[in-house]
Amino acid sequence: MTKDSKVNFKKILIANRGEIALRVIRTCREMGIKTVAVYSTADKDSLHVKFADEAVCIGRPSSSDSYLNIPHLMAAAEITNADGIHPGYGFLAENARFSEICGESGIKFIGPTPDQIRAMGDKITAKETMIRAGVPVVPGSGGLLSSIDEAKGLAKEIGYPVILKATAGGGGKGMRVVWEESELERAYDTAKAEAGASFKNDGIYMEKFVEEPRHIEIQVAGDRYGTVCHLSERDCSIQRRHQKLVEESPSPFMTDDLRERMGAAAVKAAQAINYESVGTIEFLVDKHRNFYFMEMNTRIQVEHCVTEEVTNFDLIKEQIKIASGESISGQNYFPTMHAIECRINAEDPYHDFRPSPGRISVLHTPGGHGIRVDSHVYAGYTIPPFYDSMIAKIIAVARTRDEAINTMSRALSEYVIEGVKTTIPFHQQLMKNEDFRNGNFTTKFMDSFKMV
Ligand code: MV4
């Protein structure tokens with residue numbers, strides 16, 4: 001994608017923790033870039049702290065005192081003389097103000113500009129931009145709802161079921177599905193109240209509800225010279241309460257024609273906001289293979305690894321080179337292999353995926369042909385209760401989907417984690433599930449999946 005040349009970063013501070021902090025450190029080391037880890041007091045024994053060239057404690061365990069604390073992060077960057085900040089995912093990765101403060105401090109934010117983040121942060125604005133760019137969106141209100149009467153009239157036109165969404169939302173927070181007019185008023189009031197409470201912005205809008213969709217997203221990359229390309233899709237339909245559990249590329253639902261059309265739409269979407277970094281366009285795909293823009297993630301994502309494995313790019317390296325001013329070729333890339341990622345969380349899949357923090361007493365990590373494990377944990381490590389519960393990602397790669405599933409099953413059977421409950425048993429059962437094996441699943445799959 002980018003040319004092979006030297007970047008101008010000497011030292012990058014990683015404003016994150018866990019496996020993604022380690023992931024960024026690994027690429028920086030390969031590129032000859034020094035790294036600065038930051039950590040909360042709860043993470044002092046973390047691998048990202050041990051593997052970075054330098055480490056700075058930035059506060060107490062609570063995220064707002066540490067990984068979300070911009071003054072603490074900027075102080076750490078200044079005292080260590082970092083010339084770049086990588087935000088990882090979550091925390092401040094899509095905080096436009098943080099990107100702006102980095103710029104004002106002369107420290108390059110390794111990600112999009114504040115304007116590019118803002119363009120996709122407000123969902124109604126994002127949708128308007130997509131319509132202008134010719135990217136398909138779900139039919140709907142096309143703007144904020146200003147009264148329950150307006151909502152009633154619109155829902156009649158669109159036809160039930162409809163969905164109410166917060167314009168400041170995303171990732172499924174504060175959405176309400178409405179199946180008939182008698183439910184609309186209550187849903188309108190609760191959606192508005194929830195939006196106001198969660199996002200300090202009670203603006204809501206309406207869309208036709210797409211039933212049993214697949215969640216298929218396209219990885220894109222853009223540079224500061226206006227060139228954009230895509231790296232094909234990931235299928236993220238296996239989710240539970242808007243938390244992804246498994247991702248894969250290519251999607252078993254994909255056709256060459258659909259990939260062509262979704263790839264072209266994703267490139268148009270990124271071009272419409274002059275996007276300059278790696279990013280993801282999320283689409284809903286219905287059973288007729290109609291697809292609709294949902295939102296854009298202006299960050300590197302947890303599941304970027306499946307794209308790395310099927311296209312052979314290091315997406316963190318590409319992100320750093322783009323931030324350094326390199327140009328990309330503009331060629332699109334297509335899967336040459338099949339990759340599946342299972343997220344291993346410290347959660348009990350037999351008890352509603354309830355978090356299970358604590359000390360890992362015994363650990364044996366799988367390996368062998370076709371297996372990649374990205375993880376920050378080790379034997380003796382204590383998983384703190386303050387952050388998300390993902391402790392590892394296993395990525396299986398093979399020539400076909402069937403083989404990748406078999407490789408994943410084998411790796412899951414080798415994985416030994418004692419001391420905490422994990423989602424490994426769930427993944428083992430999923431890999432044997434007939435509908436999963438047949439590629440026959442939508443975002444509703446987990447509603448009916450039962451552990452045995
Ligand atoms: C939808 C939808 C159906 N119709 N919009 C969930 C996350 C947020 N990004 C948007 N979401 C949805 N929007 C319309 N018009 C169904 C969902 C949805 C969903 C989407 C992707 C993956 C899992 C999901 C689970 C429930 C609902």
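This passage describes the aromatic ring pairs, the charges placed over a ring and the surroundings of the ligand in a predicted model.

A search of the whole structure identified 13 aromatic pairs. One of them joins Tyr-67 and Phe-91, whose ring centres lie 5.2 Å apart with an angle of 35° between the planes, an arrangement classed as tilted. Tyr-67 belongs to the loop between strand 3 (54-59) and helix 3 (70-80), whereas Phe-91 belongs to the loop between strand 4 (84-86) and helix 4 (96-104); the pair therefore ties together parts that are 24 residues apart in sequence. The two partners can also be described by their accessibility. Tyr-67 is buried, its relative accessible area being 0%, while Phe-91 is partly exposed at 29% relative accessibility.

A further pair is formed by Phe-313 and Tyr-333. The centres of these rings are 4.6 Å apart and the planes meet at 75°, so the pair is edge-to-face. This pair likewise links distant parts of the chain, 20 residues apart: Phe-313 lies in the loop between helix 10 (304-311) and helix 11 (315-323), and Tyr-333 in the loop between helix 11 and strand 14 (338-345). Phe-313 has a relative accessible area of 14% and counts as buried, because the cut-off for a buried residue is under 20%. Tyr-333 is buried as well, with a value of 15%.

Ring pairs also connect several residues into a cluster, which consists of Phe-353, Phe-426, Phe-436, Phe-441, Phe-445 and Phe-449.

Phe-253 is associated with charged side chains. The charged end of Arg-214 is positioned over the ring of Phe-253, at 3.8 Å from the ring centre. Arg-289 also lies over the face of Phe-253, with a distance of 3.9 Å to the ring centre.

The ligand is surrounded by 18 residues, of which Lys-165, Glu-207, Lys-208, Val-210 and Glu-295 come nearest. Nitrogen atoms of the ligand take part in several contacts. A polar side-chain atom of Lys-165 is found 2.9 Å from a ligand nitrogen, and a polar side-chain atom of Glu-207 is likewise 2.9 Å from a nitrogen atom of the ligand. For Lys-208, a backbone N or O atom lies 2.7 Å from a ligand nitrogen. On its own the ligand has 520 Å² of accessible area, and the protein covers 90% of this area.

The shell around the ligand comprises seven nonpolar, six polar and five charged residues. At least two residues of the shell are supplied by each of strand 6 (162-166), strand 8 (204-208), strand 12 (278-285) and strand 13 (291-297).

Conventions: Residues numbered from 1 in each chain as written. Predicted model: local features only at pLDDT ≥ 70, side-chain atom pairs only at ≥ 80, totals over all residues. Heavy atoms only, no water. Phe/Tyr/Trp six-rings, centres within 6.5 Å; stacked < 30°, edge-to-face > 60°. Helix = DSSP H or I, 4+ residues; strand = E, 2+ residues; numbered from the N terminus. Buried < 20%, exposed > 50% of the residue type's maximum accessible area, 1.4 Å probe, protein only. Lys NZ or Arg CZ within 6 Å of the ring centre and 35° of its normal. Near = heavy atom within 4 Å. Polar contact = N/O pair within 3.5 Å; in protein donor to acceptor, adjacent residues only side chain to side chain. Areas by Shrake-Rupley, 256 points an atom, 1.4 Å probe, with all protein chains shown as cover. Nonpolar A, V, L, I, M, F, W, Y, C, P; charged D, E, K, R; others polar.
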